[in-house]
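Work through the exercises below with the model open beside you. Try each task before you read its solution.

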Amino acid sequence: MNSLEIKDRSIASPHTIRFIECRLPGCYLLEFPNFCDQRGLFVKTFQTSAFERRGLECDFKETFYTESGENVLRGMHFQVPPADHAKLVYCISGAIYDMALDLRVGSPTYGQHEAYDLSAQVNGAVYLPRGIAHGFFVRSAPSVVVYHVTSEHSPAHDTGIRWDSFGASWQLSAPVVSLRDEGLIPFEQFKSPFCFDSEQVPKPMPAKDPAP
């Protein structure tokens, strides 16, 4: 490797993740730094310092991924306390219509939902704090979705809200849904254990990230 190649790489290399505040408090869309050349693509999907500057939970305890076929719908999932968690979600193959539902009692957006488009081409993610139910519908199959969560899976605390019970427009017909998801309770019957704490919602940061 010659010195010119090293210099070029240092100039073009990714720096820091960009965060965009969403309508649901504490939720963020992320733009991943990426670098493309004749070899292919490099994408940075996590950076501790970028999360810590915003006071976001990022001590991830478990990472997993799902692969889903055409018309598959997964959701709306979450874990209840004491096994609740924050979640980072991104799509590395295909495309999904991602959905978040606020279950935090006292939140200004309690019971409201927000949708995001995630795909392998976007090079981005969504960050969801505790008390947010999550699900998605496959727009382009096969889709591979990666999850990082701040607590390990606990079957005793793993539950959800039925996907068609909270007024979301999924823009779909005849979704492929698991028996478990079909049997989830509707939103109006759910007694939420989550409480909104405005002190825990990160304060807005400057538009431009500081240098890494």
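**Exercise 1: an acidic side chain**

Glu114 sits in strand S8, residues 113–119. Strands (E, at least two residues) and helices (H or I, at least four) are DSSP runs, numbered from the N terminus. This is a predicted model: local features need pLDDT of at least 70, side-chain atom pairs count only at pLDDT 80 or more, and totals for chains, interfaces and linings use all residues. Residues are numbered from 1 along each chain as its sequence is written, and side-chain values use heavy atoms, with hydrogens and water left out.

Task: which side chain of opposite charge is nearest to Glu114, and how far away is it?

Solution.
- Step 1. Set the terms. Buried means under 20% relative accessible area, exposed over 50%, partly exposed in between (1.4 Å probe, protein chains only). Lys and Arg count as positive, Asp and Glu as negative; His and the chain ends are not counted.
- Step 2. Find the partner. Glu114 is buried, and the nearest side chain of opposite charge is Arg23, 4.5 Å away.
- Step 3. Apply the cut-off. A salt bridge needs a side-chain nitrogen of Lys or Arg within 4 Å of a carboxyl oxygen of Asp or Glu. Glu114 has no salt bridge.
- Step 4. Look at the backbone. The nitrogen of Leu24 lies 3.3 Å from a polar atom of the Glu114 side chain.
- Step 5. List contacts (heavy atoms within 4.5 Å). Beyond its neighbours within four places in sequence, Glu114 touches Cys22, Arg23, Leu24, Asp98, Met99 and Ala100.

**Exercise 2: an aromatic pair**

Task: what is the geometry of the pair Phe78 and Phe194?

Solution.
- Step 1. Recall the rule. Rings of Phe, Tyr and Trp (its six-membered ring) pair if their centres lie within 6.5 Å; planes under 30 degrees apart are stacked, over 60 edge-to-face, the rest tilted.
- Step 2. Count. The whole structure holds 13 aromatic pairs.
- Step 3. Classify. Phe78 and Phe194 are edge-to-face, 5.9 Å centre to centre, with 75 degrees between the planes.
- Step 4. Place them. Phe78 is in strand S6 (73–79) and Phe194 in the segment after helix H3 (179–182), so the pair ties together parts 116 residues apart in sequence.
- Step 5. Check burial. Both Phe78 and Phe194 are buried.

**Exercise 3: positive phi**

Task: are Asn123 and Gln171 buried or exposed?

Solution.
- Step 1. Asn123 has phi near 55 degrees, positive although not glycine. Its relative accessible area is 15%, so Asn123 is buried.
- Step 2. Gln171 also has phi near 55 degrees. Its relative accessible area is 56%, so Gln171 is exposed.

Note on methods
A polar contact is a pair of N or O atoms within 3.5 Å; within protein, one must be able to donate a hydrogen and the other to accept it, and residues adjacent in sequence count only if both atoms are side-chain atoms.
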